[in-house]
Amino acid sequence: PANRNLISGNTGRGVYLLNGSGSGNIVRYNYIGTDISGTTAIPNTRAGVEMRSGSNNTIRENLIAFNQGAGVSVAKADPD
């Protein structure tokens with residue numbers, strides 16, 4: 001817990017794994033969309049974690065809550 005990241009309050013996604021850089025990543029032990037206690041909302045304005053056109057990514061042992069978009073979003077192409 002002392003090494004976890006707090007990824008909250010962003011205008012956009014909390015974590016964005018985009019296309020070529022979106023493969024082989026590990027997102028683990030984070031609080032995404034909450035305060036450090038994990039009980040109060042500090043939402044990201046889109047998904048907590050979004051992956052686009054990547055592969056072999058690992059997302060586990062995170063607390064993902066209160067985001068204004070999906071908790072975890074997986075899509076084929078970049079819409080932006």
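**Close-ups of a predicted model**

**View 1. Along strand E2 the side chains take turns: Val15 and Leu17 point to one face and are buried, while Tyr16 and Leu18 point to the other and are not.** This is a predicted model, where local features need pLDDT of at least 70, side-chain atom pairs count only at pLDDT 80 or more, and totals for chains, interfaces and linings use all residues. Residues are numbered from 1 along each chain as its sequence is written, and side-chain values use heavy atoms, with hydrogens and water left out. "Buried" means under 20% relative accessible area, "exposed" means over 50%, and "partly exposed" is in between (1.4 Å probe, protein chains only). Strands are DSSP runs of E with at least two residues, numbered from the N terminus; helices are runs of H or I with at least four. The switching back and forth fits a general pattern: in a regular strand, side chains alternate between the two faces of the sheet.

**View 2. E2, E5 and E8 line up, in that order, as an open sheet of 3 strands with parallel pairing.** E2 (15-18) and E8 (72-75) are at the edges with a single partner strand each, so one side of each has no neighbour in the sheet. From one strand to the next, the twist averages 5°, using lines fitted to C-alpha atoms (for helices, over the stretch in contact) and angles from 0 to 180 degrees between N-to-C directions. Two strands count as paired if DSSP finds at least two bridges between them. E2 and E5 (residues 49-52) are joined by 4 bridges, and 4 bridges also join E5 to E8. Look for Tyr16 opposite Glu50, Leu17 bridged to Met51, and Met51 opposite Val74 in E8.

**View 3. On E5, Val49 and Met51 point one way and Glu50 and Arg52 the other, yet all are buried.** Val49 and Met51 also belong to the largest nonpolar core, 7 residues in all, along with Ile7, Val15, Leu17, Val27 and Ile32. E2 and E5 each chip in at least two of these core residues. A nonpolar core here is a set of buried Ala, Val, Leu, Ile, Met, Phe, Trp, Tyr and Cys residues joined through side-chain atoms within 4.5 Å. Zoom in on Val27 and you'll find it touching Val15, Leu17, Ile32, Thr58, Ile59, Arg60 and Asn62, skipping residues up to four places away in sequence; "touching" means heavy atoms within 4.5 Å.

**View 4. A second open sheet has 3 strands in the order E1-E4-E7, again with parallel pairing.** E1 (6-7) and E7 are its edge strands, each pairing on one side only. E1 and E4 (residues 31-32) are joined by 2 bridges, and Ile7 has Ile32 as its bridge partner.

**View 5. Two arginines lie over tyrosine faces: Arg4 over Tyr31 and Arg13 over Tyr16.** Arg4 is at 4.0 Å from its ring centre, and Arg13 is at 3.7 Å from its own. A charge sits over a ring if NZ of Lys or CZ of Arg is within 6 Å of the ring centre and within 35 degrees of the ring normal.

**View 6. Gly71 lies in the loop between E7 (63-64) and E8.** Gly71 is partly exposed, at 32% relative accessible area. Leaving out residues up to four places away in sequence, Gly71 touches Ala47, Gly48, Val49 and Ile64. Asn3 is 68 residues from Gly71 along the chain, and their C-alpha atoms are separated by 21 Å.
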